[in-house]
Amino acid sequence: MAEVRVPPVVRESATAGDLLALLRSGRAATRSDLRAVTGLSRTAVVARVNALAESGLVLLGAELASTGGRPAGSLVVNHLAGIVLTAAIGRSRSQVAIYDLGGTELSASAVDHEIGAGPDDVMPGVAEHLRTLLTPDLPPVLGIGVSLPGVVDPERGVSVDTPVMAGWDGVPLAPYLDGIAAAPLFLANDADAMARSEFLGHASSVRDVLVVKASTGIGLGVIADGRIISGSRGGAGDLGHTKVPEAVGRPCRCGDVGCLETLAAGWALVARLREEGRTVEHIRDLVAQALVGDAEAKQLLRESGRQVGELLAVAINLLNPQAVVLGGDMAAAYDVYAAGVREAVYARASALATRELQFLPATYGDRAGLVGCATHALDQVLSPAAIDARLARSRT
Ligand SMILES: [Zn+2]
């Protein structure tokens with residue numbers, strides 16, 4: 001068969017890093033796939049694949065023969081060529097975990113801390129838990145993915161506006177983890193991290209998705225045309241601190257008044273039940289009561305869903321997503337919460353925007369933040385540019 005003719009610029013432009021990205025995405029699984037997709041010559045593909053194999057990132061068919069089941073000539077990304085560390089930091093609880101390069105969780109743990117504790121109180125515990133998980137048999141750490149509530153500056157690795165976590169703004173997080181691994185830190189907002197987890201879930205098949213994080217606070221991760229939208233200052237998706245008429249004058253934990261969170265956030269629902277003399281510490285307690293049929297808890301969750309849905313309807317009309325994912329602690333009572341959200345969205349959003357709109361639970365449930373941190377770190381450390389730089393370093 002005649003070789004597909006492609007312009008010379010394309011012909012030699014795909015790098016080893018690009019080929020690894022094709023193998024990771026499943027768009028190619030053999031050298032001939034790689035030639036067909038990139039238009040590279042046979043010699044060029046062999047040279048780039050050999051470089052990837054020498055670095056340990058790709059396993060060649062011959063090495064895989066013993067494992068059986070794969071055709072000769074198969075190329076497989078070696079998921080054990082490295083690991084990433086993750087920490088999803090919350091207001092009262094932080095989760096930590098280790099993932100391989102294929103996004104499989106190898107080990108995990110959680111750290112409880114005082115509500116509102118600063119980085120000097122929280123980060124050493126996070127570091128210690130990660131250190132415990134890092135057993136000597138594990139491959140090298142390539143990156144560290146961390147998420148925080150609030151607005152973050154991913155370039156500097158600092159929180160820039162987290163009014164609900166006092167003392168975190170402007171404090172670099174990397175130094176706290178320096179002693180564990182010499183690897184770059186990738187910081188994300190918590191709702192964005194939850195959205196990134198859907199790149200391995202619902203957003204692997206659709207390109208426009210809104211991901212609601214309904215927990216102690218309320219956030220929104222926006223995936224538009226297959227990409228996370230952070231906005232010009234990182235503040236995209238700050239649904240919870242949008243002013244709504246029903247909340248006029250109500251003080252919010254952000255220091256302002258009249259925010260959606262004062263009606264719909266987990267902290268506000270917990271406060272309301274406590275005012276009535278009921279024993280609830282955390283929104284997870286209220287959700288647990290709803291799940292065993294407590295009428296008032298169910299009513300509060302449904303109403304929260306409705307309040308969120310009213311603002312979400314605007315986002316749905318703006319962005320016309322295929323799916324809305326509902327995650328976070330409140331979405332654990334999915335049927336109740338989703339019923340409230342749907343009620344308001346269908347009442348407010350346009351017929352066109354809702355005609356084929358799907359509502360879905362978060363693919364990874366209460367692990368979504370960790371999976372999102374892992375996805376974020378993996379996409380950076382395995383990016384074509386990062387891989388090419390790594391191969392260039394190993395040659396010198
Ligand atoms: Zn607020």
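This note sets out numbered points on the predicted model shown above.

1. Domain layout. The assignment divides the protein into domain 1 (8-77), domain 2 (83-195 + 370-395) and domain 3 (202-362), so that domain 2 is written as two segments. Between domain 1 and domain 3, the C-alpha centres are 43 Å apart.

2. The sheet containing E3. An open sheet is formed by 5 strands in the order E5-E4-E3-E6-E9, and its pairing is mixed. Strand E5 (105-112) and strand E9 (185-189) are the edge strands, each of them pairing on one side only. From one strand to the next, the twist averages 15 degrees.

3. Pairing around E3. Strand E3 (residues 83-89) runs parallel to strand E6 (residues 141-148), to which 6 bridges join it, while its pairing with E4 is antiparallel and extends over 7 bridges. Thr86 can be followed to both sides, since its bridge partner in E6 is Gly145 and its bridge partner in E4 is Ala97. E3 and E4 also form a hairpin, with 3 residues between them.

4. Strand E4 and its second hairpin. Of the 8 residues of E4, 6 are buried, and the strand is therefore largely enclosed by the rest of the structure. E4 and E5 run antiparallel and are joined by 7 bridges, with Ser107 in E5 as the bridge partner of Ile98. These two strands form a hairpin with 4 residues between them, and in the turn Gly103 has a positive phi of about 85 degrees.

5. Helices lying across this sheet. Helix H8 (residues 190-197) lies across E3, E6 and E9, and its direction is at about 100 degrees to E9. Helix H15 (residues 368-381) lies across E3, strand E4 (93-100), E5, E6 and E9, running at about 135 degrees to E6.

6. Helix H15 in its own right. The 14 residues of H15 reach 20 Å from the first C-alpha to the last, which is close to the 20 Å expected at 1.5 Å a residue. Because 12 of these 14 residues are buried, H15 is largely enclosed by the rest of the structure. Among the buried residues are Gly369, Gly372, Cys373, Thr375 and His376, together with Leu370, Val371 and Leu378.

7. The sheet containing E10. Another set of 5 strands forms an open sheet, here in the order E12-E11-E10-E13-E14, again with mixed pairing. Strand E12 (227-228) and strand E14 (358-361) stand at the edges with a single partner strand each, so one side of each is left without a neighbour in the sheet. Helix H8 packs on this sheet, touching E10, strand E11 (218-224), E12 and E13, and its direction makes about 45 degrees with that of E11. A reader following H8 will thus meet it in contact with strands E3, E6 and E9 as well.

8. Pairing of E10 with E13. Strand E10 (residues 209-214) and strand E13 (residues 323-327) pair in the parallel sense, with 5 bridges between them. Within this pairing, Val212 stands opposite Leu326 in E13.

9. The largest nonpolar core. This core has 114 residues, of which Val84, Leu210, Val211, Val212, Leu312, Leu326 and Tyr337 touch the most other members. Helix H12 (residues 295-319) supplies the largest share of the core, with 9 residues. When residues up to four places away in sequence are not counted, Leu210 touches Leu220, Val222, Leu312, Ala315, Ile316, Leu319, Pro321 and Val324.

10. Helix H10 and its cover. In helix H10 (residues 266-275), the buried residues are Gly266, Trp267, Ala268, Leu269 and Val270. Their cover includes helix H9 (261-264), helix H11 (283-291) and H12. H10 is followed by Gly277, whose phi is positive and near 85 degrees.

11. Trp267. This residue, which has its place in helix H10, counts as buried because 20 C-beta neighbours lie inside 10 Å; the cut-off for a buried residue is 20 or more, so Trp267 stands exactly at that limit. Leaving aside residues up to four places away in sequence, Trp267 touches Thr216 and Arg253. Its C-alpha atom is separated by 9.9 Å from that of Ile218, although the two residues are 49 residues apart along the chain.

Terms used:
Residues numbered from 1 in each chain as written. Predicted model: local features only at pLDDT ≥ 70, side-chain atom pairs only at ≥ 80, totals over all residues. Core = buried A, V, L, I, M, F, W, Y, C linked by C-beta atoms within 7 Å. Contact = placed C-beta atoms within 7 Å. Pairing = 2+ DSSP bridges. Axes fitted to C-alpha atoms, helices over the stretch in contact; angles between N-to-C directions. Domains from an automatic or database assignment. Expected span 1.5 Å × (residues − 1).
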